[in-house]
Amino acid sequence: MKNTDSPIISFKNYSFQYRVQKRPTLKNINLDIYPGERILIAGPSGCGKSTLASCINGLNPYSNPGKSEGTLIVDGVDARQSSIFELSAHVGTVLQDPDGQFIGLTVGEDIAFALENACMQQKEMKEITQHVAELVGMEDHLEYAPYELSGGQKQRVSMAGVMVNQVKILLFDEPLASLDPATGKQTMELIEEIQQKTDTTVVIIEHRLEDVLWRDVDRIILMEGGEILADLRPDELLATSLLTETGIREPLYLTAMRYAGIEITEEKKPAHVESMLLDETDKKKLQQWFEMYTEKENAGKDDILLEVKNLEFGYSEDKKILENVSLSIRKGEMVSIVGKNGAGKSTFAKLICGFETPDTGEILLNGQNLLKENIRHRAQHIGYVMQNPNQMISKPMIFDEVALSLKKQGFTKEEIRRKVEATLKICGLYPFRNWPVSALSFGQKNE
Ligand code: ADP
Ligand code: MG
């Protein structure tokens, strides 16, 4: 940290209230960020992280009207008095969804977009595009179309697109959200590399702490309810219980260590699992805890509910998505299937539900061959909740949506009413039974 410099971003007694909101979304913000720092902003969903970012890049109040108080200086510019266009020369913003940010027909076009808009000469434009493409490792992909790129690659392109302006500040709002952990780590490596090569200041908003901490950050700013709750170095923050108290998941290895009875202190350097300093007693505790769990895992091998044997499947003949997949799931188990983007997790689920048919292999439910049953029959035993709830819901009213499959199974009206009401009570949606589905939030639709 270079505290001798003057801050590149400085909030003083700052607040921001959206015009459509009754109360300020940001309150009492006092925060100085210094040139070359890497800052992580964390906090529960809805606490105002994106609002803070939008005040830094000028999106607030330009796109979302509202009023601010106090002061906010961004790279020498009084943000409250300047336009989003003026600020874009100082701050580059990379958002969560790389698809929504892609404007060009090719990588090169997309990167050069801002330069083209500024009517720059071809030769200079080509040089700058080449240079930033090299910075993000996309120089061999300049002719590629968006659909030929992975999520991680699209994100590299959006990073390059904001760097053509030679901005001093790079702002990332949940850059890891749609990436698998391995790609997320690569993104963090890339952000670090760019930060070092260009000496920019980096502000990352992210709740996936464990993935962000794959590389060093200087400070973590923890927000809650529109205010800053803590401003600490990672080792300091991780030694407190603030994350769990605000509902943010701390890195899993720390949760495991706490379960094992290990006290997490700043001195043990908890920010990185590889370099944590555990003494002999700690190590012993961890070992014991681990052994206790492996024993439990092996208990009760019977009661197999779902059994999958040598499943093989491809959407086209030349490319197998699943090969040699065998597993069994016992009654009452809670199992999670993990894997990187494109590994075939959803495809596996579709085969189980019957949306797709395997090329070879067996699926048994309670020992019965499931492949003989159609989707409708399987739906009596297997419920499937998809990633995007909007793809699933087909009825305008909540009651009708839940009753849908029961109607198809031929229950009487009274039976249906009883079953639907009981289901809604379990999910906490009973009070909304006569509401239209459109009135529910994303999380409620998933239930
Ligand atoms: P976070 O990024 O931490 O999840 P946000 O900054 O998106 O939080 O949201 C904080 C609060 O501000 C929420 O209560 C949300 O309803 C409100 N808010 C966010 N964006 C807007 C907007 N464009 N207009 C009005 N209110 C908004
Ligand atoms: Mg947000």
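Gln166 lies in the loop between helix 7 and strand 7, where helices (H or I, at least four residues) and strands (E, at least two) are DSSP runs numbered from the N terminus. Although Gln166 is not a glycine, its phi is positive, at about 50 degrees. The model is predicted: local features need pLDDT of at least 70, side-chain atom pairs count only at pLDDT 80 or more, and totals for chains, interfaces and linings use all residues. Residues are numbered from 1 along each chain as its sequence is written, chains are lettered from A and ligands numbered from 1 in the order in which they are written, and side-chain values use heavy atoms, with hydrogens and water left out.

The two elements that flank Gln166 belong to the surroundings of a mixed sheet. This open sheet has 6 strands in the order 6-7-8-3-9-10, and its pairing is mixed; two strands pair if DSSP finds at least two bridges between them. Strand 6 (91-94) and strand 10 (227-232) stand at the edges with a single partner strand each, so one side of each is left without a neighbour in the sheet. On average, neighbouring strands of this sheet are turned by 20 degrees against each other, direction ignored. Strand 7 (residues 169-173) and strand 8 (residues 201-205) run parallel and are joined by 5 bridges. Within strand 8, Thr201 stands opposite Ile169.

Two helices lie across strands of this sheet, in contact by heavy atoms within 4.5 Å. Angles run from 0 to 180 degrees between N-to-C directions, with axes fitted as lines to C-alpha atoms, for helices over the stretch in contact. Helix 7 (residues 151-163) lies across strand 6 and strand 7 and runs at about 165 degrees to strand 6. Helix 8 (residues 181-198) lies across strand 3 (38-42), strand 7 and strand 8, at about 160 degrees to strand 8.

A further open sheet consists of 4 strands in the order 12-11-13-14, with antiparallel pairing. Its edges are strand 12 (322-330) and strand 14 (368-369), each with a single partner strand, so one side of each is left without a neighbour in the sheet. Strand 11 (residues 304-313) runs antiparallel to strand 12, and 6 bridges join them. Glu307 has Ser328 in strand 12 as its bridge partner. Helix 14 (residues 345-353) packs on the sheet, touching strand 11, strand 12 and strand 13 (360-365), and its direction makes about 115 degrees with that of strand 11.

Ligand 1 has 13 residues around it, of which Gln21, Gly46, Lys49, Ser50 and Thr51 come nearest; a residue is near if one of its heavy atoms lies within 4 Å. Helix 1 (residues 49-57) contributes the largest share of this shell, 3 residues. The shell divides into 4 nonpolar, 8 polar and 1 charged, with Ala, Val, Leu, Ile, Met, Phe, Trp, Tyr, Cys and Pro counted as nonpolar, Asp, Glu, Lys and Arg as charged, and the others, Gly among them, as polar. Polar contacts with the ligand (a pair of N or O atoms within 3.5 Å) include the following.

| Side chain | Atom of ligand 1 | Distance |
|---|---|---|
| Tyr18 | nitrogen | 3.3 Å |
| Thr51 | oxygen | 2.5 Å |
| Asn64 | nitrogen | 3.4 Å |

Taken alone, ligand 1 exposes 560 Å², and the protein buries 65% of that; accessible areas come from the Shrake-Rupley method with a 1.4 Å probe.

Finally, the peptide bond from Asn60 to Pro61 is cis, with omega near 5 degrees. Pro61 is found in helix 2 (residues 59-62).

Key: Polar contact = N/O pair within 3.5 Å; in protein donor to acceptor, adjacent residues only side chain to side chain.
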